[in-house]
Amino acid sequence: IDVLDTNQDGVKDFILSFNYNDTQHIVASPYKAVYLNTAPNTYSLQSTLNTDNNEYHSYTITLNGVPSIFFPGYLTPNRVYQVINHTLVEYKPGAFASMSAGSGRATGGAVYQNTSTGKIYMLYLLDGTYYTKEML
């Protein structure tokens with residue numbers, strides 16, 4: 001569960017991740033759902049972001065002054081979403097997939113902004129070695 005004002009109304013909303021992994025007995029589809037705070041103690045489903053599995057952690061971060069959320073992939077590419085025009089929009093779609101192309105196993109990762117240069121970077125564990133690359 002992450003907390004972020006996704007619709008820019010000044011009230012925090014919830015982003016929930018539901019995963020499936022190959023150790024579960026019941027097959028279920030993974031998804032990430034955004035629940036808006038619509039009244040005190042009341043949340044309503046706004047949208048589903050994607051149906052990728054992700055690792056059991058995610059975090060909010062500010063990138064270029066924009067509230068963002070990072071989802072590390074579980075056997076799928078990592079993704080970053082930003083609050084743009086009152087909704088979550090994927091930031092640099094395909095950047096992590098491009099970085100991991102050709103690797104046998106892509107796990108773990110992070111996104112961060114260099115405070116000196118302002119550039120945004122991806123960190124990815126590819127075939128047992130960590131690599132970093134500017135997120136273009």
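The dialogue below asks how several descriptions of this predicted model are justified.

Reader: What are the ground rules for the numbering and the values?
Author: Residues are numbered from 1 along each chain as its sequence is written, and side-chain values use heavy atoms, with hydrogens and water left out. Since this is a predicted model, local features need pLDDT of at least 70 and side-chain atom pairs count only at pLDDT 80 or more, whereas totals for chains, interfaces and linings use all residues.

Reader: Why is Asn-85 called exposed?
Author: A residue counts as exposed over 50% relative accessible area, as buried under 20%, and as partly exposed in between, with a 1.4 Å probe and protein chains only. Asn-85 has a relative accessible area of 65%, and therefore it is called exposed. Asn-85 is found in the loop between β7 (79-84) and β8 (87-90), where strands are DSSP runs of E with at least two residues and helices are runs of H or I with at least four, both numbered from the N terminus.

Reader: Why does Gln-8 count as partly exposed?
Author: The relative accessibility of Gln-8 is 40%, which lies between the two cut-offs, so the residue counts as partly exposed. Gln-8 sits in the loop between β1 (2-4) and β2 (13-18), and has a positive phi of about 55° although it is not a glycine.

Reader: What makes Asn-41 exposed?
Author: Its relative accessible area is 78%, a value over 50%, so Asn-41 is exposed. Asn-41 belongs to the loop between β3 (31-39) and β4 (42-48), and its phi is near 60°, a positive value in a residue other than glycine.

Reader: How do you know that β10 and β11 pair?
Author: Two strands pair if DSSP finds at least two bridges between them; six bridges join β10 (residues 120-126) to β11, so the criterion is met, and the two run antiparallel. Leu-125 stands opposite Tyr-130 in β11. The open sheet has three strands in the order β9-β10-β11, and its edge strands, β9 (106-113) and β11 (129-134), each pair on one side only.

Reader: What makes a set of residues a nonpolar core?
Author: The members are buried Ala, Val, Leu, Ile, Met, Phe, Trp, Tyr and Cys residues joined through side-chain atoms within 4.5 Å. The largest such core has 14 residues, and Met-135 is one of those that touch the most other members. The largest share of this core, four residues, comes from β10. A second, separate core of 10 residues includes Leu-4, Val-34, Tyr-81 and Leu-88.
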